[in-house]
Structures are given as C-alpha cells and as structure tokens.
Amino acid sequence: MKYAVVLSRDEEGNWLASVPAFPGCHTWGSTRDDALANTQEAVDGCIESLRASGDPLPAEPSPP
C-alpha cells in the first residue's frame, strides 16, 4: 500500500517528513533522499506496531 508523505525543510536546511495516514509518524534527513528512506523505516515500524496490536492499517482517502 502507498501512503502520502509531506516534505518540508526546517531553518537549518534539514528535510522533515510526515505521513498523515499515521498520526505521529514523523522523521527527518539531511537530504531529501535520506528523509524519504527514513520515512520508509518509520512507516514500516508503524505498520509492525499496528499489526502486533491487532489494529487495522490506515487507508489513504485517495491515491497518493
């Protein structure tokens, strides 16, 4: 499943990433590519946690 990622930059030039479908799923990287790679790890962790607790995975309201 694909999820939307919101990217922005902070005042120091780091890339910030969040995944709206997973509240609290945020990460960062010094480059855009680093932030996206870290986002994949963060989403994987969120999915693992949800599955372990028996909770359903979120669905995107529309394709990302």
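Q: Two strands pair if DSSP finds at least two bridges between them; which residue in strand 2 stands opposite Val6?
A: This is a predicted model, in which local features need pLDDT of at least 70 and side-chain atom pairs count only at pLDDT 80 or more, while totals for chains, interfaces and linings use all residues. Residues are numbered from 1 along each chain as its sequence is written, and side-chain values use heavy atoms, leaving out hydrogens and water. Strands (E, at least two residues) and helices (H or I, at least four residues) are DSSP runs, numbered from the N terminus. Opposite Val6, in strand 2, stands Ser18.

Q: How many bridges join strand 1 to strand 2?
A: Strand 1 covers residues 6-9 and strand 2 covers residues 15-18. The two run antiparallel, and the number of bridges that join them is 4.

Q: Which residue in the turn of the hairpin has a positive phi?
A: Strand 1 and strand 2 form a hairpin, with 5 residues between them. In its turn, a positive phi of about 90 degrees belongs to Gly13.

Q: Which strands stand at the edges of the sheet?
A: The sheet is open, with 3 strands in the order 1-2-3 and antiparallel pairing. An edge strand here has a single partner strand, so one side of it is left without a neighbour in the sheet. The strands in this position are strand 1 and strand 3 (26-29).

Q: What angle does the direction of helix 1 make with that of strand 3?
A: Helix 1 packs on the sheet and touches strand 1, strand 2 and strand 3, contact being heavy atoms within 4.5 Å. Axes are lines fitted to C-alpha atoms, for helices over the stretch in contact, and angles between N-to-C directions run from 0 to 180 degrees. For helix 1 and strand 3 the angle is about 150 degrees.

Q: Why do the buried residues of helix 1 line one face of the helix?
A: Ala35, Thr39, Val43, Ile47 and Leu50 are buried in helix 1, where buried means under 20% relative accessible area, exposed over 50% and partly exposed in between (1.4 Å probe, protein chains only). On the other side of the helix, Asp33, Glu41, Glu48 and Ala52 are exposed. An α-helix has 3.6 residues a turn, so residues three or four places apart point the same way. Seen down the axis of helix 1, with directions taken from the axis to the C-beta atoms, the buried residues line one face because they fall within an arc of 115 degrees.

Q: Is Asn14 buried or exposed?
A: Asn14 is found in the loop between strand 1 and strand 2. Not counting residues up to four places away in sequence, Asn14 touches Ser8, Arg9, Trp28, Gly29 and Ser30. Because its relative accessibility is 16%, Asn14 counts as buried.

Q: How far apart are the C-alpha atoms of Ala59 and Asn14?
A: Ala59 lies in the segment after helix 1 (32-53), and at 60% relative accessibility it counts as exposed. Along the chain, Ala59 and Asn14 are 45 residues apart. Their C-alpha atoms are separated by 28 Å.

Methods
Two strands pair if DSSP finds at least two bridges between them.
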